[in-house]
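Open the model in your viewer and keep the sequence panel beside it. This tour goes from one selection to the next and says what is there.

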Amino acid sequence: MLISAGVATNHDGHTTGRGGRSEIEPFRERLTVVLQLLRWLGMARAKVIVSPLVVEAERERLSWRPLALALLLIPISAYWMARRGQDGIMSLSVPPVTFVFLLALLNFPFARWLKRFALTQADLAALWAMLAVATGIACEWGEAPGLSGFLAWFDNPVNRYRELILPYVPSWMVHDYKDALQAFFGGHRPYDLYRPDHLLAWLVPFLGWSGLIVTLVFLMLCLLLLLAPRWLEQERLSYPIATVPLYLSHDGWASKLLVNWRFWLGFIVAAIYDTVYGLVFWWRGQQTQAWKGLDISQLIVSRPWNVIGWTPIPLLPFMMALSYFIPADLAFSGVFFFWFRKAQQIIAAALGHDVVPLWGGMAGAAKVPYLTEQSVGALVALFLVYLWHTKGYLLSGLGANLQSPHWRPLLRFGLFGLLVGSVVLVGFVKAMGSDTIFLLLYLLVFLAISTAIAKIRAQIGPPIHEFAFMGANRWFIDLLGAERLGDRVITVMGYLYFTHRIWRSHPMPQMADGFKVVHEAKALDMRFVGAMVFAIAMGTMAMYWARLQAGYIWGSGSPWGYAAWIMEWRNMKEPNYAAAAFGVGGALFTLLLVWIHNRFPFLPLHPAAYALAMNFGIDYCWFPMLIAGLAKTAIVRYGGQRTYHAFVPFALGIIVGEFLTGSVWSWIWIVTGRPTYSFSIN
């Protein structure tokens, strides 16, 4: 079910639900929230009306060790992403898993014999959460240095960037110091980054971009703090991806895994698989990696069937292992809607539309059936559905949780942080020198879509959630046209590259899983919130430094396609009502799926899977989800839950084995500069 019925406790200790409520109870619950907020602001003395919902168990206290380790490992992870970004584009990033697993191994003797010096489960859980959000920021949000100097460096009489684009870009986002740009884009000058003139050249863009990114991710943190009691304790979402860090952080040294022979069997199988692949790649001197699997579309040549585009059967062991933790009905929903998307392309071509046989949802496929617009509409609709079904929690459940000894400081920080962060965000939007209303609405829709993706991640746990070139910018241009928006708004939306280019390493879903892992470790308190704020700030600064340093050593490429997109969007003068209609249709179809799913939950038609499948990411994992779903169904039916749990260590061994072996190949590439094999999707 999408929505679980809420249960509250009144001040007499009696349980009440949707039925049997007195007429005064809703009023009293809302009054409690108002009085509590006034009390915080010092405007009233609010008496406690609602007693705590739960009696808190003994909680773990985070030590200083995760912060010290994060201070060391976040810059390493950021440089890892700057050089080998494909290790961070899955739902489960490689650096956090690798570091936490190695620390669990090193922690084994301390946990057994020197517990005073050992890392606890809370320490490892918090460290994984910090590394996950920092790696998410550093991976595909790391284009800021390139955006800071690309237009000035690559301007020429043909593209005329200085004349056509640069005047509309906020001055604090760019610089034009030739020597610094030459060192960054050309490389081979690693130490010049630390020259005073170069540091000064990058300082203003660094402060501007870092401030904007920190503000957005901080707002996501505050939103998750407000939603945490609902998702973790009332809805009890499954958080499939969090299964891996939960086992890795267990009791500080992963005893449930390290003493299990099935885990080591999976680990060895995966390590051999990737070692053999890697050696063949190395000996052949390959520069690029062929896709691991068959592309069905190569076998289909007649129209309209050939418009399905790239349709792989991916042979990726770690994705099959990750998909083992997805509820089987949700896995089948993803597969169903993947082929539903392909069917739309075939039907549109059969009706005579000029369907482009590209990857689903890609930028060039802005034609019938407008898959990207459907995806945006579905995600916005899901956010509104989540908001609607959370209204009772926000008005009453949130007020009750405010009285809980555990949740009170977290929710208080979330509310206050949301207020402060919103004010800061408005300041950044005004500093962009453009239409404040449009850009603020754009960023609010971005945060809404981010929340919806975080919920999808917590519900389904897809191995990858790639929404290629999807964002509110598509809807704005479709509904209003570029002439109404103006060149400055179009340019700034294009310059906010990380908010619409791709969503694979998005930090908000990473944080959502981090909340789950730390909650299970009984360490979800203000110390953890402080650690996350530190990770957000540290991860952003490390991202900017790592991208600059990697550019100064190896040279940097350009942010892919964004300048051409800006010019293309400017030429879309008139509204595209057909595209807008498909977006609205995607939203309405999502609402229909919500109704169907609530009435007939046994049908594999989960609306979150529809939102995911209308874009590109499901292409990589539909087949692993199908295989894992079939295997899981057979195992549970014929062996029961006990047999299912017996295979969990084997699946975890596959994942950790591939991640650890892949890390070795990645660092050979990072150190030597020679391309090596990658087990990832790219």
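## Start at helix H5

Select the buried residues of H5: Ala-144, Pro-145, Gly-146, Leu-147, Ser-148, Gly-149, Phe-150, Leu-151 and Ala-152. Buried means under 20% relative accessible area, exposed means over 50%, and partly exposed lies in between (1.4 Å probe, protein chains only). Helix H5 covers residues 144-154, and 9 of its 11 residues are buried. Show the surroundings, and the cover over these buried residues includes H6, H7, helix H8 (196-234), H19, helix H21 (526-554) and H22. Contact means heavy atoms within 4.5 Å. Helices (H or I, at least four residues) and strands (E, at least two) are DSSP runs, numbered from the N terminus.

This is a predicted model, in which local features need pLDDT of at least 70 and side-chain atom pairs count only at pLDDT 80 or more, while totals for chains, interfaces and linings use all residues. Residues are numbered from 1 along each chain as its sequence is written, and side-chain values use heavy atoms, with hydrogens and water left out.

## The whole chain

Zoom out. The chain has 25 helices and 4 strands. Of its 682 residues, 57% are buried. Among contacts with a separation of 6 or more, 83% are between residues 24 or more positions apart.

## Helices H4 and H20

Select residues 121-140 for helix H4 and residues 507-520 for helix H20; their axes come within 9 Å and cross at roughly 180 degrees. Axes are lines fitted to C-alpha atoms, for helices over the stretch in contact, and angles run from 0 to 180 degrees between N-to-C directions. H4 and H20 are therefore roughly antiparallel to each other, a term for angles over 145 degrees.

On the H4 side, the residues to show include Ala-125, Trp-128, Ala-132 and Ile-137; on the H20 side, they include Met-511, Gly-514, Val-517 and Val-518. The residues of this contact divide into 11 nonpolar, 3 polar and 2 charged. Here Ala, Val, Leu, Ile, Met, Phe, Trp, Tyr, Cys and Pro count as nonpolar, Asp, Glu, Lys and Arg as charged, and the others, Gly among them, as polar.

## Ser-505, before H20

Next select Ser-505, in the loop between helix H19 (487-495) and H20. Is Ser-505 buried or exposed? Ser-505 is buried, with a relative accessible area of 1%. Its side chain reaches the backbone oxygen of Gly-136 at 3.3 Å, and also the backbone nitrogen of Glu-140 at 3.3 Å. Leaving aside residues up to four places away in sequence, Ser-505 touches Gly-88, Gly-136, Cys-139, Glu-140 and Gln-510.

## Salt bridges

The structure holds 19 salt bridges. A salt bridge is a side-chain nitrogen of Lys or Arg within 4 Å of a carboxyl oxygen of Asp or Glu.

- Select Arg-162 and Asp-176: the closest N and O atoms of this salt bridge are 3.0 Å apart. Arg-162 is in helix H6 (residues 161-164) and Asp-176 in the loop between H6 and helix H7 (178-186), 14 residues apart. Arg-162 is partly exposed at 31% relative accessibility, and Asp-176 is partly exposed at 39%.
- Select Asp-354 and Lys-367: their side chains meet in a salt bridge (2.9 Å, N to O). Both lie in the loop between helix H13 (328-350) and helix H14 (371-402), so the pair ties together parts that are 13 residues apart in sequence. Asp-354 is exposed at 52%, whereas Lys-367 is partly exposed at 33%.
- Select Asp-179, Arg-189, Asp-192, Arg-195 and Asp-197: salt bridges that share partners join these residues into one network.

## The loop between H13 and H14

Stay in this loop for Pro-369. A cis peptide bond joins Val-368 and Pro-369, with omega about 15 degrees. Move on to Tyr-370, which has a positive phi of about 50 degrees although it is not a glycine. Tyr-370 counts as buried, at 8% relative accessibility.

## Last stop: Asn-576

Tyr-370 is one of the residues that Asn-576 touches, along with Ile-477 and Asp-478, not counting residues up to four places away in sequence. Select Asn-576 in the loop between helix H22 (562-570) and helix H23 (577-599). Asn-576 counts as partly exposed, at 24% relative accessibility. How far apart are Asn-576 and Ile-477 in sequence and in space? They are 99 residues apart in sequence and 7.6 Å apart in space, C-alpha to C-alpha.

Conventions. Parallel < 35°, antiparallel > 145°, perpendicular 65-115°, else oblique. Polar contact = N/O pair within 3.5 Å; in protein donor to acceptor, adjacent residues only side chain to side chain.
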